[in-house]
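Subject: The structure for you to look through

Dear colleague,

Here is the structure I promised to pass on to you. Please open it and take a moment to look around before you read my notes underneath.

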Amino acid sequence: RHAKRNGTVFELYSGPAESESPRYLTLISELHTAIVENQFVLHYQPRVDIGTGRISGVEALVRWRYPEQGLMPPAEFIAIAEQTGLIDPLTHLVLEAAVQQCRAWSDQGFDMPVAVNISVNSFHDPDFLTRIDTLLATWKLNPALLQLEITETTLMKEPAVVRNLINRLKERGIVVAIDDFGTGYSSLSYVASLPIHTLKIDRSFVIRMLESPRTRSVVAATIFLAHSLGIKTVAEGVDVGEQVEALHEMGCTEIQGYYFSRPVEAEQLRRWAETFSLEHYALTLPAERAN
Ligand code: C2E
Ligand code: MG
Ligand code: MG
Ligand code: MG
C-alpha cells in the first residue's frame, strides 16, 4: 500500500499480517537509525481559549524527517515504535526537544505551556520519572509549563499503574490530560477519580456533533460533568466556525484544530501567536454560556 502525504510517497505498514514483511523490518531498522541520529522534528498546534481570547498552550506533534522523502506523520511510525521497544528512546527525544523549545520560548518572553503525547509503554519505563526530573532540572523549566497527554485507551489498560504515575506527576506540578476522550469505554466517574487536569474530547465527536443531536447531547453532558468535577475540557480537531460556536454554547472554551491553526514549526507558531487575535475571526460568541 502507498499513501501520498505532503507530496511524497510512503509505503504504509498496515497491521500484524505484514509484521514479517521486508518493508516492516526495513522500517524498524530505519527507525533505529532515526533515533540514533535524531531525524525527528516537532510541530506545534495551538489551543485557543475562546473565553479569554488567549492561547492557552500548544501540543507538540512529532514528525520523522524521512530521508529524501519529506515528513512522515506519526500514525505511520508510532505503532511500530511501540511494538519494538523503540518508543522509550523516541519519547525521550520528543520530551527533550519540547522542553528545550519551551525554555527557548520562555527566554524570548513567550511563556507557552507545551503538551507532549506519552505512549502507554512509557508507564512501564522505570526511568520515565527520573528522565523528566532531569530534563526539567537541566533546562530549569517550570514543571507547570510541561503537560502530558495520555489516551483514554491507555487508562483502561493499566488502571493501577496509570493512577500511580499520574499522582507522581501531579506531585511535581505536571499537568496530565486524557487524550481522545470518548473513543474508549471508561466512565466519567472512573476518570474523575484520577487526579487529571483536562479531558480532550475526541475529534470524531466534534465531527458528528453538528449533524447528530445525540452526539451533541453526549458532548454537552461530558463537558457539563467534567466541569462540575473540576476537570477542564478541550475540543480537538475543530475545523469550522460552527463547531467553535456550538462548543462555546456548551461551555467548552478551549479549542484546538485546523480552524485556528494546523500544527506548524516552532518559529511559525510564534509568529502566528504574535499576530493572533480572536477578533479577526468571524465568530458569534455570546457572553452567556451554558456552564
Ligand atoms: P492526537 O494527540 O490526538 O493529536 C491530534 C492529531 O489531530 C494531530 O495529528 C493533528 O494534526 C490532528 N488534527 C488537529 N486538528 C485537526 C483538524 O482540525 N482536522 C484534522 N483532520 N486533524 C486535526 P498528527 O500530528 O498526525 O498526530 C496523530 C497522533 O499521533 C496524535 O494524535 C498522537 O496520538 C500521536 N502522536 C503524535 N506525536 C506523538 C509523540 O510524540 N508521541 C506519541 N506517543 N504519540 C504521538
Ligand atoms: Mg494528543
Ligand atoms: Mg488528541
Ligand atoms: Mg486524537
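What follows is a description of the bound ligand and then of the metal sites.

Please keep in mind throughout that this is a predicted model.

I would begin with ligand 1, since the space that ligand 1 takes up is the largest pocket. There are 21 residues around ligand 1, and those that come nearest are Glu59, Arg63, Asp179, Arg203 and Tyr258. If you sort the shell around ligand 1 by class, you will find eight nonpolar, five polar and eight charged residues. Strand E4, which covers residues 54–66, and strand E8, which covers residues 175–181, each supply at least two residues of this shell, and the largest share, four residues, comes from E4.

Which atoms of ligand 1 pair with polar atoms of Gln45, Arg203 and Tyr258? For Gln45, a polar side-chain atom lies 3.1 Å from a nitrogen atom of the ligand, and for Arg203 a polar side-chain atom lies 2.9 Å from a nitrogen atom of ligand 1. With Tyr258, the contact is made by a polar backbone atom, which is 2.8 Å from an oxygen atom of ligand 1. Taken alone, ligand 1 exposes 810 Å², of which the protein buries 81%.

Now to the magnesium ions, which are ligands 2, 3 and 4.

The magnesium ion that is ligand 2 has as its protein donors Glu59 (OE), Asn117 (OD1), Glu149 (OE) and Asp179 (OD), which lie 2.0 to 2.2 Å from the ion. Because Glu59 lies in strand E4 and Asn117 lies in strand E6 (residues 114–117), this pair ties together parts that are 58 residues apart in sequence.

For the magnesium ion that is ligand 3, the protein donors are Asp179 (OD), Asp180 (OD) and Glu236 (OE), at 1.9 to 2.7 Å from the ion, and along the chain these donors follow the spacing D-D-x55-E. You will notice that Asp179 appears again here: this residue bridges ligand 2 and ligand 3, two magnesium ions that lie 3.6 Å apart.

The magnesium ion that is ligand 4 is coordinated by Asp180 (OD) and Glu236 (OE), at 2.2 to 2.7 Å. Asp180 sits in strand E8, whereas Glu236 sits in the loop between strand E10 (232–235) and helix H10 (241–249), so that the pair links distant parts of the chain, 56 residues apart. Between ligand 4 and the magnesium ion that is ligand 2, the separation is 5.9 Å.

With best wishes

Definitions and conventions: Residues are numbered from 1 along each chain as its sequence is written. Chains are lettered from A and ligands numbered from 1 in the order in which they are written. This is a predicted model: local features need pLDDT of at least 70, side-chain atom pairs count only at pLDDT 80 or more; totals for chains, interfaces and linings use all residues. Side-chain values use heavy atoms; hydrogens and water are left out. A residue is near a molecule or strand if one of its heavy atoms lies within 4 Å of it. A polar contact is a pair of N or O atoms within 3.5 Å; within protein, one must be able to donate a hydrogen and the other to accept it, and residues adjacent in sequence count only if both atoms are side-chain atoms. Accessible areas come from the Shrake-Rupley method with a 1.4 Å probe; for residues, only the protein chains shown count as cover. On a 1 Å grid over the protein atoms alone, a cavity is a set of points where a 1.4 Å probe fits but cannot get out, and a pocket is an open set with protein on both sides within 12 Å along at least five of seven lines; lining residues have an atom within 4 Å of a point. A molecule sits in a cavity or pocket if more than half of its atoms lie within 2 Å of its grid points. Ala, Val, Leu, Ile, Met, Phe, Trp, Tyr, Cys and Pro count as nonpolar, Asp, Glu, Lys and Arg as charged, and the others, Gly among them, as polar. Donors are N, O and S atoms within 2.8 Å of the metal (3.2 Å for Na, K and Ca); water is not among the atoms, so sites may look incomplete.
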